[in-house]
Amino acid sequence: MPPVLDMRDICKSFGGTMALSGFSLQLEAGRIHALVGENGAGKSTLIKTMTGIHQPDSGQIFVDGQPAVFSGTAAAQRAGIAAIYQEPMVFPDLSVAENIFISHQNRPTLINWSTLNDEAAAMIARLGVTLDPRQPASELTLAEQQTVEIARAISLNVRALIMDEPSASLSDHEVKRLFGIARSLRDQGVAVLYISHRLDEIFALADTVTVMRDGKHISTHPVAGVTQASMISEMVGRDMQGRFAREPTTATGETLLAVTGLQKSGVFRDISFTVAKGEIVCFSGLVGARRTDVGLALFGVSPADAGRIEIAGQPVTITNPNQAQALGIAYVSEDRRKLGLALTESIASNITLPMLAKYSGAFGWIDKLRELADAQAFRERLNIKAANMGVSVGTLSGGNQQKVMLAKWLNTKPRLLIVDEPTRGIDVGAKAEVHQILRTLAAEGVAIVIISSDLPEVLSLADRVIVMREGRIVGEFPGNEATDESVMALAVAAEVA
């Protein structure tokens, strides 16, 4: 049988940038096809072309062997092509059932709510999940919101479902349930395109994997015929051997941050630890361990109720981010799109945003030349890939957005850098670059706190690993003694007791 969706020699450019260059991909019914590539490889442009948001400059699209033109998302949906994304797109004030059938334009004006809820429940049951169709979407977890999106696609008779980084914000338990849903769809004859930077997921789930780089098709193989090393080599076009190996510590032994008995009612309690100049301390634990809440308290976004914080031996009070910044603390959020960056603003504007007073003249005018010079220096230092400093940050790849966010806070010349999920949603090449940036900062004497759910990352970077569970510190390891097993044993102890 012909592929459900067949993309042949697709080209798409934006201005002088070639996003897709003769790219081809075939999705077959009843198969899970993985797509991997670095940030900026063209995956997002491909998804938008497959779903009718963009039309190709050249090339052909076939559905069931017949030529097709997607003039918009509605045309792609009519052909059975749908996508779900890392951040679910649901209407929070509508019910589960209303969200599932929101795209149905042929439903009667007068709605039989009992029938609608029954149909929604049947769609959800096909995925092996139980949800109340009357429940507001605002009350759902991220995983449940994704389930609603998949049920919506099923209600539109989906033939090919694109899953773009669907596991990035999920716990291990929720990822397993997502895998079950993907396999159920495969068994029902749906062609699934699974896009992820987590290569272990590719080997656990997919039948076939395609590698793309710089908008081009590099290879397509059965998953059983490739290794992580070969896949990474094709993705980045260079050898990554040793890029994530441990390096000698640069800790000086001079304590910069000392936290004693930090507490926030109902969130975390009895948090005590130190960080020395040049030291990298990683906080590990499961989703919900409240690691991020500790970071937000240290930066004054959500201040603690009790406890003691000392910077360079002096007691300090931190009740807002301005106080934290004045003390030399910087905080890189895990959510760069909502909390970290002004996406519609330029790279230069984002990098200089926390330090506007530095660039302001006597009458409040911004010294654009000085601003641009500093931004350009960070562009070169962090290898930010963009046409120029005036480009909107929202148009950059995830890895380059992450570098801009790092540059924004490095511009404040921090003594203490708190980085929450530093490589979430970025590719292996950009990940290696971010790791090297953090190591270089530590070597320059910056004290670094990393909050990460990526255990290999923790074990590669940490001078010390602090494990949290349910709002408490439950253990600590020297970085060179920590293992996957020892860290996870502490992180899950409450669940297996």
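1. Start with the second largest cavity in this predicted model. Its lining is made up of Phe273, Phe283, Arg291, Val294, Gly295, Leu298, Ile418, Val449 and Ile451, and its volume comes to about 40 Å³. By class, that lining splits into seven nonpolar residues, one polar and one charged. If you want to find the place on screen, go to α9 (291-298), which gives the largest share of the lining, four residues. Strand β18 also supplies at least two residues, as α9 does.

2. How many cavities of 30 Å³ or more does the structure hold? There are two. The largest has a volume of about 50 Å³. Around the largest cavity you'll see Ala143, Gln146, Thr147, Ile150, Leu170, Glu174, Arg177, Leu178 and Ile181. Two helical stretches to pull up here are α5 (142-155) and α6 (172-187), the elements that give two or more residues to this lining. Five of the lining residues are nonpolar, two are polar and two are charged. Both Glu174 and Arg177 appear in that lining, in case you are choosing what to display.

3. Next, Gly300, which sits in the loop between α9 and β14 (306-311). Is this glycine buried or exposed? Its relative accessibility is 3%, so Gly300 counts as buried. Setting aside neighbours within four places in sequence, Gly300 is in contact with Ile318, Thr319, Asn320 and Pro321. A C-alpha distance to go with that: Gly300 and Gln325 are 25 residues apart along the chain, and their C-alpha atoms are separated by 9.3 Å.

4. On to charges. Side chains of opposite charge can pair when their charged atoms come close. The structure holds 16 salt bridges, and I'd look at three of them, beginning with Glu279 and Arg464. In that pair the closest N and O atoms are 2.8 Å apart. The link joins distant parts of the chain: Glu279 is in the loop between β12 (268-276) and β13 (280-284), while Arg464 is in strand β19 (residues 464-469), 185 residues away. Both partners, Glu279 and Arg464, are buried.

5. Arg464 has another partner. Its side chain also meets that of Glu476 in a salt bridge, at 3.0 Å from N to O. Arg464 belongs to strand β19 and Glu476 to strand β20 (residues 472-478), so this pair ties together parts that are twelve residues apart in sequence. Which accessibility class does Arg464 fall into? At 14% relative accessibility Arg464 counts as buried, the cut-off for that class being under 20%. Glu476, at 43%, counts as partly exposed. Because a salt bridge here is a side-chain nitrogen of Lys or Arg within 4 Å of a carboxyl oxygen of Asp or Glu, the N-to-O distance of 3.0 Å between Arg464 and Glu476 qualifies. Shared partners then join Glu279, Arg464 and Glu476 into one network of salt bridges.

6. The third salt bridge on my list is Arg381 with Glu444, where the closest N and O atoms are 3.5 Å apart. Where do the two partners lie? Arg381 is in helix α14 (residues 368-382) and Glu444 in the loop between α16 (428-443) and β18 (447-451), so the pair ties together parts that are 63 residues apart in sequence. Arg381 has a relative accessibility of 44% and counts as partly exposed. Glu444 reaches 52% and therefore counts as exposed.

7. Last, some strand pairing around β4. Strand β1 (residues 5-14) pairs with strand β4 (residues 58-63) in the antiparallel sense, over five bridges. In that pairing, Met7 stands opposite Ile61 in β4. Strand β4 is also joined to strand β5 (residues 66-68), again antiparallel, by three bridges. Here Ile61 stands opposite Ala68 in β5. Ile61 is a handy residue to click on, with Met7 as one partner and Ala68 as another.

8. While you are at that hairpin, check the turn. Which residue takes a positive phi in the hairpin of β4 and β5? That is Asp64, with phi near 55°. The hairpin has two residues between the strands.

Technical notes: Residues numbered from 1 in each chain as written. Predicted model: local features only at pLDDT ≥ 70, side-chain atom pairs only at ≥ 80, totals over all residues. Heavy atoms only, no water. Buried < 20%, exposed > 50% of the residue type's maximum accessible area, 1.4 Å probe, protein only. 1 Å grid on protein atoms, 1.4 Å probe; cavity = no way out; pocket = protein on both sides within 12 Å on 5 of 7 lines; lining within 4 Å. Points joined across faces, edges and corners; volume = space filled by probe spheres on them. Nonpolar A, V, L, I, M, F, W, Y, C, P; charged D, E, K, R; others polar. Contact = heavy atoms within 4.5 Å. Pairing = 2+ DSSP bridges.
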